[in-house]
Amino acid sequence: MSSAIPSEVVQKTEAPKVSSRQMVSATAASLLGWSFDLYDLFILLYVTPTIGKLFLPTTNPTLSLAAVYASFAVTLLMRPLGSGIFGSYADKHGRKNAMTVAIVGVGISTAIFGLLPTVPQIGFFAAFLFLLLRLVQGIFVGGVVASTHTIGTETAPPKWRGLMSGLIGGGGAGLGALFASIVFTVVSALFPGEAFDSWGWRVMFFTGILGAIAGLFVFRTLEESPLWAEMKTKKNSKQKIVQQKPVKSLFTTYSRVLLVNLMIVIGGGSGYYLTAGFIPTFLNVVNKVSSSTLSGVLIAASIATIISALIAGHLSEIFGRKKVFLVIGVLNVIGLPYFYLSLADAASVSSIYFYVICLVLLGNAAYAPVLIFLNERFPTSIRSTGTGLSWNMGFAVGGMMPTFVTLTSGSIENIPHTLMYFTIVIYLIYIIGSVIIPETRGRLQ
């Protein structure tokens, strides 16, 4: 069984020629843009216990964690709106400008978190300001997804598109987590114990401005996507190519494509947030590891994320997207429950390292080919909008999973088994989606 796809999506066309410089520039821009987006995410994940006490305090530690993750889920719900805004702009006016504004916006909004007053200072109005800023940040993050991946995959030669997908999605996530882990290690050392709850968490957020600065520096040499430029040339020569309303086209002509995409993206997003995204909290509240052990494990997990994504992305170019999704789905439905239960019982630092790396390898492989798969599902005229909305809608659901896990668990002790049940159900849906989708390898146009 396969979903029907409009004919223009499945036609193979010859890729435009690009220079080595253009390829390197597009790769660096996409990778850094994605990594700094995820860097801002991991800053929040690493300071979740502190944020819970300062902005969303409760007498129940589990509810406090759930409240912080709920604030994260609120941001994810705004990402589709950001994809609609920035994706439409990128489809009509080019990827480069949309990417620049989105990444600078993410960096500035992240830094502003470090200036917020806390509940002990101004009462629960602090929680309102925190949530409001999370909403604003979500719009910019949605814009990053709607532009960063497209300019990279549209510039890459066909034989490297799977690898590019893994490099941007998983490699960018791994680099973002690695940067955040290093910063967390340094800041924790400079502001130990109670000093971290007073000033350390603010310094963590202030470093978000580095992403905006680095983005502006890298984007100076960035050229526009060759596929978009080719489409623009055809438009200027009076050929009717550009969709004037990409969002409307997506929810009419491509509505079935969008729905089928979500079965894969929700699985990939859930796998990411329940492994790499949830592990910092899991190690804190379940394993109760020290700050030094936590930092080391997270750095190792970040490196494993990059390796996993590159391998899975490139395998999808060799064997096809569909086969790789199926194999990864089966491995995850069996492996993730086992490794999470094992991690909960791990008594040594070496076993904690081992089980975390296994979890990250499996969880991040699930979404590595997703970016190129989504790019291949839409024509150039609506690719940023279609891919951005597919990704952000699916990852919005995936990003709410840590909240559901913590709320459903009721207590810290129940978290490992709750994770087991959630991952089984999620990856059964992922496997069904892998059966339904058509093979898209080589169908980018």
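## Exposure and basis of the model

A residue is buried under 20% relative accessible area, exposed over 50% and partly exposed in between (1.4 Å probe, protein chains only). By that scale L315, with a relative accessibility of 33%, counts as partly exposed. This is a predicted model, in which local features need pLDDT of at least 70 and side-chain atom pairs pLDDT 80 or more, while totals for chains, interfaces and linings use all residues. Numbering starts from 1 along each chain as its sequence is written, and side-chain values use heavy atoms, with hydrogens and water left out.

## Nonpolar cores

The largest nonpolar core (buried Ala, Val, Leu, Ile, Met, Phe, Trp, Tyr and Cys residues joined through side-chain atoms within 4.5 Å) holds 99 residues, and within this core F42 and Y272 are the residues that touch the most other members. Helix 2, which spans residues 20–46, supplies the largest share of the core with 11 residues; helices here are DSSP runs of H or I, at least four residues long, numbered from the N terminus.

When residues up to four places away in sequence are set aside, F42 has contacts (heavy atoms within 4.5 Å) with A173, A177, A180, Y272 and A276. Y272 therefore appears both among these partners of F42 and beside F42 as a residue that touches the most other core members. Separate from this core is a second one of 15 residues, and among its members are A26, A98, V141 and V144.

## A nonpolar patch on the surface

On the surface, I108, I112, L115, F206, I209, L210 and I213 make a nonpolar patch of about 610 Å². Patch residues have over 30% relative accessible area and no salt bridge, with nonpolar side chains (Val, Leu, Ile, Met, Phe, Trp, Tyr) joined within 5 Å, and the areas come from the Shrake-Rupley method with a 1.4 Å probe. The elements that contribute two or more residues are helix 5 (95–113) and helix 10 (209–219), and helix 10 gives the most, with three residues.

I112, a patch member, belongs to helix 5, and its relative accessible area of 34% makes it partly exposed. T100 also has its place in helix 5. A polar atom of the T100 side chain lies 3.0 Å from the backbone oxygen of K96, which is a polar contact (N or O atoms within 3.5 Å, one able to donate a hydrogen and the other to accept it; residues adjacent in sequence count only if both atoms are side-chain atoms). Apart from neighbours within four places in sequence, T100 is in contact with L216 and F219.

## Salt bridges

Six salt bridges are present in the structure, each being a side-chain nitrogen of Lys or Arg within 4 Å of a carboxyl oxygen of Asp or Glu. One of them joins the side chains of K53 and D197, with an N to O distance of 2.9 Å. K53 belongs to helix 3 (residues 48–55) and D197 to helix 9 (residues 194–206), so this pair ties together parts that are 144 residues apart in sequence. Both ends are partly exposed, K53 at 49% relative accessibility and D197 at 25%.

A buried set of charged residues is centred here on R95, whose relative accessible area is 0%. R95 forms a salt bridge with D91, the closest N and O atoms being 2.8 Å apart, and D91 is likewise buried at 0% relative accessible area. R95 also forms a salt bridge with E154, where the closest N and O atoms are 2.7 Å apart. Since R95 lies in helix 5 and E154 in helix 7 (residues 125–155), this second pair ties together parts that are 59 residues apart in sequence. E154 is buried too, at 2% relative accessibility, and salt bridges that share partners join D91, R95, E154 and R383 into one network.

## Helix 15 and the loop before it

L315 is located in helix 15, residues 291–319. Leaving out residues up to four places away in sequence, L315 touches G320 and V324. L315 and L163 are separated by 152 residues in sequence, yet their C-alpha atoms are 8.1 Å apart in space.

The loop between helix 14 (279–287) and helix 15 contains K288. K288 has a positive phi of about 55° although it is not a glycine, and its relative accessible area of 62% makes it exposed.

Key:
Patches are made of residues with over 30% relative accessible area and no salt bridge: like charges are joined within 9 Å, nonpolar side chains (Val, Leu, Ile, Met, Phe, Trp, Tyr) within 5 Å.
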